[in-house]
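Student: Can we go through this structure together? I'd like to ask about one thing at a time.

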Number of protein chains: 2
Amino acid sequence: MTAEHAAPDAPAAAAQQQRRAPTLEAVAELAGVSRATVSRVVNDSERVSPEARDAVNAAIAELGYVPTRAARSLVTRRTDTIALIMHERSDTVFADPFFASMLRGVNHALTSTDLQLVLIQIQGDPQRDRALRYVGNGHVDGVLLISLHGDDALATSVSKAGVPLVMAGRLLTGDRVDSVDADNVGGARLAVRYLVTAGRRRIATIAGPQDMSVGVDRLRGYTEEMQAAGLPGSADWIATGDFTEAGGRAAMERLLTEHPTLDAVFAASDLMALGALQALRAAGRRIPTDVAVVGFDDTALAPYADPPLTTIRQPVERLGEEMVHLLLRRINDSAGAGSGAGADPSAVVLPTELVIRSSA
Amino acid sequence: MTAEHAAPDAPAAAAQQQRRAPTLEAVAELAGVSRATVSRVVNDSERVSPEARDAVNAAIAELGYVPTRAARSLVTRRTDTIALIMHERSDTVFADPFFASMLRGVNHALTSTDLQLVLIQIQGDPQRDRALRYVGNGHVDGVLLISLHGDDALATSVSKAGVPLVMAGRLLTGDRVDSVDADNVGGARLAVRYLVTAGRRRIATIAGPQDMSVGVDRLRGYTEEMQAAGLPGSADWIATGDFTEAGGRAAMERLLTEHPTLDAVFAASDLMALGALQALRAAGRRIPTDVAVVGFDDTALAPYADPPLTTIRQPVERLGEEMVHLLLRRINDSAGAGSGAGADPSAVVLPTELVIRSSA
DNA sequence: TTGAAAGCGCTAACAA
DNA sequence: TTGTTAGCGCTTTCAA
């Protein structure tokens, strides 16, 4: 109250400020029914007469009633909230459009429900513990986990706490939790097969970090397809990067030094492919005529590659959506069954796609 | 109690699953004090004896107690939750790293508090209304608004509902709400001044959408600095894009057609600058010797520009942090004052920075 | 400095 | 089909 004469002059404004949100009680009174009936209408119970329902709905509309989450939560023991936990080590990773696309998918899948999404970002051990306690104590109905680097322990902890969990990717430990992933092995094989079909024989790869399932799987796809094509392929045709542009550049330089005669490269990520392109150009190699490059594209960065990059497209947005779908199913399961470990974990795998771009 | 004799076969598992989180009551009992005292300790009340405090803290640690949000919320009428509302029209905008960086800043500023961040994405009128009802009915303590296209009505609505609000950017209507923005006018002037200093005279600009303060301000900076430099500059040296790469390319092509002799371009966003670069290269113009390009860089995309792009860097992450800081202040204000319109809205403006890159 | 008691707004038995 | 009633876990007067 810094205003004018303080109290008596501005009652309207004060009232507007202070006015509490309408409660079930108010709706019940206006509709001429009991609180229980209003609650039934709000929660779509079938045991309500049409008249009562109409009266309640009218009252709700008139009052602009919206249920209070806290009160409902307190009695139902549901929170109507799911957490998106992302574990990131380095700053650069966060700026990755991968994250934005995934988030978009998650959000999209969530709009039809009235679940709330809370973001939890883990950067260090204290935060990690805090998050674990948070989800472990029933403050969310379920957890979506994006572990950008293989922190399998986190997934296992959450899972053990009895909280429904869906992760992106796959646990390297072999422990089984519900997960959604793109077909990284298949995608990588597609990439290499494309290069083989184009007549390339001296095909190198820039692999991703081997502490993440994505990195492991894409390298495996490369190895498998090379073998299938009867191509030599030894360990020193593999350079490992960290999914960043700089890492890709460095890896490419290494490969060029050791194998000046290479005629194709499969990069396990778009950023690394971009780096490879730069290194090749700097080395005076012609792309794609001299060296063909195929990159794995999780994001939307490919358009910035010049010359155009042939890519394996991963449906990141759908990945986010599928994670939500699976999680919702698990949450329902656990509500119904009440206890027990529930069904076997399922691992949804989304197909990838080869996008061939012509050099303009 | 559905337990009892129901499931004699798996009591341990059931117990582990069903075990409820410890309550205040349990802590009180273990510590040998009343619930009220535990509550005081948890909420850092000063009126607690050291002995009681120690006993309570020990009990909390032993039990792993974490307060239940819902219960607390119900009585305090705070939700300890703030909403990040983003209004997006087109799909492309969301994938913008701008968003990820800002979110990172927001999250960072939030980790020291125990506020929860919920994401609300608005895509159409129904969702808009829903969001408005949601925040209007006291389900969040405050709102952060990122209106990618000028939807001033949303900001005004939220603000009128009496909910603390901080927006990114500035309202074009002139209505005053709390906001945080980068110094777009100053940044644009910096860009143009740099070009002028480098000896350029025929400087065109690719402006952003004129329904957003960012677009308007950056164009204004261009105009002001051109005038200050005594350079002609007429309306047809201005091509408007939509902050996308394609838009930048199209705008650049238009400019090249109408002004083949231009020797510099100021692009009001990084994506548009990238597009401009492509168009220039396609037209056979040499960058930067023939045409100098300076872009406004909100994101982290500049590294992908080849040749290197001289940019005006905007501290997007700090922008997110500052929004949170301001919002927290406002939330405290409104809690203290109780009512009234509060202090004058403040508009925080963050400095920008010119980053000069050499063509490798 | 502490405890007893009331009640936040809602749902879920249980009765009617 | 409806209403009555008893809490969910917490904070907060008010007394002691």
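## Talking through the model

Student: Let's start with S49(B). How far is a polar side-chain atom of S49(B) from a phosphate oxygen of DNA strand C?
Tutor: Keep in mind that this is a predicted model. S49(B) is listed among the closest residues to DNA strand C. Its polar side-chain atom sits by a phosphate oxygen of that strand, at a distance of 2.5 Å.

Student: Which elements give two or more residues to the surface near DNA strand C?
Tutor: Both protein chains contribute here. Chain A supplies α3 (35-42) and α5 (69-76), and chain B supplies α3 (35-42) and α5 (69-76).

Student: And which residues come closest to DNA strand C?
Tutor: The strand has 28 residues around it. By class, 12 of these are nonpolar, eight polar and eight charged. The closest ones are L24(A), Y65(A), R40(B), S49(B) and R77(B).

Student: Look at the atoms of DNA strand C within 4 Å of the protein. What percentage do sugar and phosphate account for?
Tutor: We've already met one phosphate oxygen, the partner of S49(B). Another contact pairs a phosphate oxygen with an N or O atom in the side chain of N43(A), at 3.1 Å. For sugar and phosphate together, the share of those atoms is 60%.

Student: With S34(B), which part of the residue is beside a phosphate oxygen of DNA strand C, backbone or side chain?
Tutor: For N43(A), the atom involved belongs to the side chain. For S34(B), the distance is 2.9 Å, and the polar atom belongs to the backbone.

Student: Now DNA strand D. Which residues are closest to it?
Tutor: This strand is surrounded by 28 residues. They divide into 12 nonpolar, eight polar and eight charged. The closest are R40(A), S49(A), R77(A), L24(B) and Y65(B).

Student: Which residue has a side-chain N or O atom 2.7 Å from a base nitrogen of DNA strand D?
Tutor: Phosphate contacts come up on this strand too: S34(A) has a backbone N or O atom 2.9 Å from a phosphate oxygen. S49(A) brings a polar side-chain atom to 2.5 Å from a phosphate oxygen. The residue at the base nitrogen is R35(B).

Student: Let's move to the helices. How do α2(A) and α4(A) lie relative to each other?
Tutor: Helix α2 covers residues 24-31 of chain A and helix α4 covers residues 50-63 of chain A. Their axes are 8 Å apart and make an angle of about 125°. That angle lies between 115 and 145 degrees, so the word for the pair is oblique.

Student: How many residues in the contact of α2(A) with α4(A) are nonpolar?
Tutor: From α2(A) come A26(A), V27(A), L30(A) and A31(A). They meet A55(A), V56(A), A59(A), I60(A), E62(A) and L63(A) of α4(A). By class there is one charged residue and no polar one, and the nonpolar count is nine.

Student: What kind of peptide bond runs from I287(A) to P288(A), cis or trans?
Tutor: P288(A) is in the loop between α13 (270-282) and β9 (292-297) of chain A. Omega for the bond is near 0°, and the bond is cis.

Student: One last thing: what is the phi of D80(A)?
Tutor: D80(A) lies in the loop between α5 and β1 (81-87) of chain A. This residue is not a glycine, yet its phi is positive, at about 55°.

Notes. Residues numbered from 1 in each chain as written. Chains lettered and ligands numbered in written order. Predicted model: local features only at pLDDT ≥ 70, side-chain atom pairs only at ≥ 80, totals over all residues. Heavy atoms only, no water. Near = heavy atom within 4 Å. Polar contact = N/O pair within 3.5 Å; in protein donor to acceptor, adjacent residues only side chain to side chain. Helix = DSSP H or I, 4+ residues; strand = E, 2+ residues; numbered from the N terminus. Nonpolar A, V, L, I, M, F, W, Y, C, P; charged D, E, K, R; others polar. Axes fitted to C-alpha atoms, helices over the stretch in contact; angles between N-to-C directions. Parallel < 35°, antiparallel > 145°, perpendicular 65-115°, else oblique. Contact = heavy atoms within 4.5 Å.
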